[in-house]
Amino acid sequence: MRDKKLVVTAKIDSLLTQMLFILLRDSLEIVQDTDAALRSLWRNHADYDLVLIDGKTLPRSEIIQFARSVREDISSVLPGIVVVQCGFDVQLIKAGVDACVDEDTIFDLALFDNDGSTKQLDLIINFMADLLKNKDLNLHRHSARVKTFTQILVAFCVEEGILQPSKAYHTTVASYFHDFGKLLIRESILNKPSKLSEEEFSVMKTHTSLGTKVLENLSKSFTQNNFLSVLFNVMKYHHERFDARGYPEGLRAEQIPLEARIVAIADVLEALTADRPYRNAYTFEEALNIIAEEDGHFDPKLLQLFVENAELFRD
């Protein structure tokens, strides 16, 4: 049995509800406000793989507060939150909404599914998210902001035809776990208040491979799962550079998976605009200049797309 879709709409007989009833009659739960939706998710959010919000019948401010509550208090990644009958809205995205779509997209709900994954895989993903948040709050905050930045850049990549829509949601969710391997790095290195030694930096760089080792057994159990493939690529290759001077494999240009090239920009933006044990945060303008002037680091097309839309990434 598939996980349920939780539909939030102020009008039970709305066009959205009628369309979804035709598509998913046996797996729908419909509530009329976000408070009721939160109560359902609090009881067991793992029962749901998607929350669909009717953007025409609910106030934008209510949707923003709901998304923040889910992402801060219930789950950082699952279930997906999709606002229907709503154009791209960066404030909704920053609050934790995964996508803003029109009615036509609802007929392809696979775009917001972990490749038809089983409930067991969803539970594992939720466990990984809970482990990351509870073991290292600073890493969680970094990862959550990287996820937000990734999602904004992903939206422009889809719009420009750079990224397939089927990979958009996968890339966004995977970006939250890009540094998962750091949970296996000594805290004395992770939180060192000064520059790392060469030996310490060599240890730090292993987080890309340590993270993917976690996925090896999962990949054997869930073969040919596109989400796990994207997750592997993001974890392992987000520190590669377009000029082949990155790690762990020194890949060049398009050898680097597209999803990893996208997350690389989001990761550096977050790292520069957040406090670190060894320095204070750069201003957004300073960070933008540093990224724009990084010769050879990023995919030029993605970099141009980011720079052209930079104001939307500002907190």
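Reader: What makes S3 and strand S4 (residues 80–84) a pair of strands?

Author: In this predicted model, S3 and strand S4 (residues 80–84) run parallel and are joined by 5 bridges. Two strands count as paired when at least two bridges are found between them, so the 5 bridges between S3 and S4 satisfy that condition. Among the matched residues, leucine 52 has valine 82 as its bridge partner in S4, and valine 51 stands opposite isoleucine 81 in S4.

Reader: Which sense does the pairing of strand S1 (residues 4–8) and S3 take, and over how many bridges?

Author: Strand S1 (residues 4–8) pairs with S3 in the parallel sense, over 5 bridges. One of the contacts can be followed residue by residue, since the bridge partner of lysine 4 in S3 is tyrosine 48.

Reader: Why is strand S3 (residues 48–54) described as largely enclosed by the rest of the structure?

Author: A residue is called buried when its relative accessible area is under 20%. In strand S3 (residues 48–54), 7 of the 7 residues are buried, and therefore the strand is largely enclosed by the rest of the structure.

Reader: How do you know that both faces of S4 are covered?

Author: On one side of S4 stand Gly80, Val82 and Val84, on the other Ile81 and Val83, and all of these are buried. The count for the strand reads likewise, with 5 of its 5 residues buried.

Reader: What do S3, helix H3 (residues 60–74) and S4 make together?

Author: Together, S3, helix H3 (residues 60–74) and S4 make a β-α-β unit, and the unit is right-handed. That word applies if, with the strands pointing away from the viewer, the path from the first strand over the helix to the second runs clockwise.

Reader: Where does the chain go after S4, and what joins S4 to strand S5 (residues 99–101)?

Author: Strand S5 (residues 99–101) runs parallel to S4 and is joined to S4 by 3 bridges, and in this pairing valine 84 stands opposite valine 101 in S5. The chain gets from S4 to S5 through helix H4 (residues 90–95), in a β-α-β crossover that is right-handed.

Reader: Why is the contact of phenylalanine 201 and tyrosine 247 called edge-to-face?

Author: The structure holds 7 aromatic pairs. In one of them, phenylalanine 201 and tyrosine 247 have ring centres 6.3 Å apart and planes at 85° to each other. Rings pair if their centres lie within 6.5 Å, and planes over 60 degrees apart count as edge-to-face, so the values of 6.3 Å and 85° lead to that name. The pair links distant parts of the chain, because phenylalanine 201 belongs to helix H9 and tyrosine 247 to the loop between helix H11 (226–237) and H12, 46 residues apart.

Reader: Are phenylalanine 201 and tyrosine 247 buried or exposed?

Author: Phenylalanine 201 has a relative accessible area of 39%, and so is partly exposed, whereas tyrosine 247, at 15% relative accessibility, counts as buried.

Reader: What makes phenylalanine 306 and phenylalanine 313 an edge-to-face pair?

Author: The rings of phenylalanine 306 and phenylalanine 313 lie 4.9 Å centre to centre with 75° between the planes, so they fall within the 6.5 Å limit and over the 60 degrees that edge-to-face requires. Phenylalanine 306 is buried because its relative accessible area is 0%, and phenylalanine 313 counts as buried at 2%. With Phe149, Phe306 and Phe313 form one aromatic cluster.

Reader: Why is asparagine 280 called exposed?

Author: Exposed means a relative accessible area over 50%, and asparagine 280 is exposed because its value is 64%. Asparagine 280 lies in the loop between helix H12 (258–272) and helix H13 (284–292).

Reader: Which residues line the largest pocket nearest its centre, and which element gives the largest share of the lining?

Author: The largest pocket holds about 1,400 Å³ of space, and of its 40 lining residues, Lys182, His239, Ala271, Arg276 and Tyr278 lie nearest its centre. The largest share of the lining, 6 residues, comes from H12, and the lining as a whole divides into 16 nonpolar, 9 polar and 15 charged residues.

Technical notes. Residues numbered from 1 in each chain as written. Predicted model: local features only at pLDDT ≥ 70, side-chain atom pairs only at ≥ 80, totals over all residues. Heavy atoms only, no water. Helix = DSSP H or I, 4+ residues; strand = E, 2+ residues; numbered from the N terminus. Buried < 20%, exposed > 50% of the residue type's maximum accessible area, 1.4 Å probe, protein only. 1 Å grid on protein atoms, 1.4 Å probe; cavity = no way out; pocket = protein on both sides within 12 Å on 5 of 7 lines; lining within 4 Å. Points joined across faces, edges and corners; volume = space filled by probe spheres on them. Nonpolar A, V, L, I, M, F, W, Y, C, P; charged D, E, K, R; others polar. Phe/Tyr/Trp six-rings, centres within 6.5 Å; stacked < 30°, edge-to-face > 60°.
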